[in-house]
Amino acid sequence: MSIPHLIMSASTVVQLVMLLLVVGSILSWVVIFQRSMALRRAKQEYNQFEESFWSGVDLNELYREIPADDPRHGAEHIFQSGFREFNRLMSRTRNADTILEGVQRSMRVAWSREEDRLTQHLVFLATVASVSPYVGLFGTVWGIMGSFQSLSMTQQATLATVAPWIAEALIATAMGLLAAIPAVIFYNRLSNEAARLLGKYENFAEEFHAILHRNLQGRDGKPDAR
């Protein structure tokens, strides 16, 4: 009745189900660790850039400090995209609305790319969380069906003869739950962390847009909006 013995004596279909669940569980833990480290690094980068941005440094100087050929992430990427578009449109037009619309559009594209980067592979966790219990249940049902077919060929069925068959079938359900529960917990946690960070990016984009708007008003001789 040991678990390794029950797994080895299970039918081929049930063993394949267990193998699939083990692979799904391992991959989900890889995603969990990789996404956790990526989000932690993104938070640190955001805090560092926000400190530099609000330190009173000139925006042109801050933009020049970012290498053009070095891909940036997070708020720094949004700032780089928006300020690059701002400089490009300033040399082509004097219409403030056109400039601000172009900057906002460029920052929105950058924000969308950051959303894809932060939520990368989270769909896989959601898939493991939702599918694993049903895959395990399929293995259990298949194992119980096989046990009843075998029992139908015996003269006398007792609890001692039925228990091993039921136990090996239920292992598939247990493995499905072991794969699904961590995936559910960390999917909710990582999704929430990504959403909070994306909200900070969006707030930064709005504040940066407001700064550029005030600069354009000052250039046109209008009062500075605060």
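The paragraphs below follow the salt bridges of this predicted model and then turn to one buried threonine.

A search of the whole structure finds 4 salt bridges, and three residues, Lys43, Arg189 and Glu193, are linked in a network of such pairs. Within that network, Lys43 pairs with Glu193, and the closest N and O atoms of the two are 3.9 Å apart. Because Lys43 belongs to helix α2 (residues 12–53) while Glu193 belongs to helix α7 (residues 159–219), the pair ties together parts of the chain that are 150 residues apart in sequence. The distance of 3.9 Å can be set beside the cut-off, since a side-chain nitrogen of Lys or Arg has to lie within 4 Å of a carboxyl oxygen of Asp or Glu for the pair to be counted as a salt bridge.

Glu193 also takes part in a salt bridge with Arg189, where the N to O distance is 3.4 Å. Here both partners sit in helix α7, and because they are 4 residues apart they are separated by about one helical turn. Glu193 is thus the residue that meets Lys43 from helix α2 and Arg189 from helix α7. As for their surroundings, Glu193 counts as buried, with a relative accessibility of 13%, whereas Lys43 counts as partly exposed at 32% and Arg189 likewise counts as partly exposed at 47%.

Another salt bridge is found in helix α4 (residues 74–90), where Glu85 pairs with Arg88 and the closest N and O atoms are 2.5 Å apart. Being 3 residues apart in this helix, Glu85 and Arg88 are separated by about one helical turn. In this pair the acidic partner, Glu85, is buried, with a relative accessible area of 15%, which places it under the 20% limit used for that class, while Arg88 is partly exposed, with a relative accessible area of 34%.

Away from the charged pairs, what does Thr140 touch, not counting residues up to four places away in sequence? Thr140 lies in helix α6 (residues 122–151), and its contacts, once those sequence neighbours are set aside, are Ala169, Leu170, Ala172 and Thr173. These four partners have residue numbers that fall within the span of helix α7, residues 159–219, the helix that also holds Arg189 and Glu193. Thr140 itself counts as buried, with a relative accessibility of 5%.

Conventions
Residues numbered from 1 in each chain as written. Predicted model: local features only at pLDDT ≥ 70, side-chain atom pairs only at ≥ 80, totals over all residues. Heavy atoms only, no water. Helix = DSSP H or I, 4+ residues; strand = E, 2+ residues; numbered from the N terminus. Buried < 20%, exposed > 50% of the residue type's maximum accessible area, 1.4 Å probe, protein only. Contact = heavy atoms within 4.5 Å.
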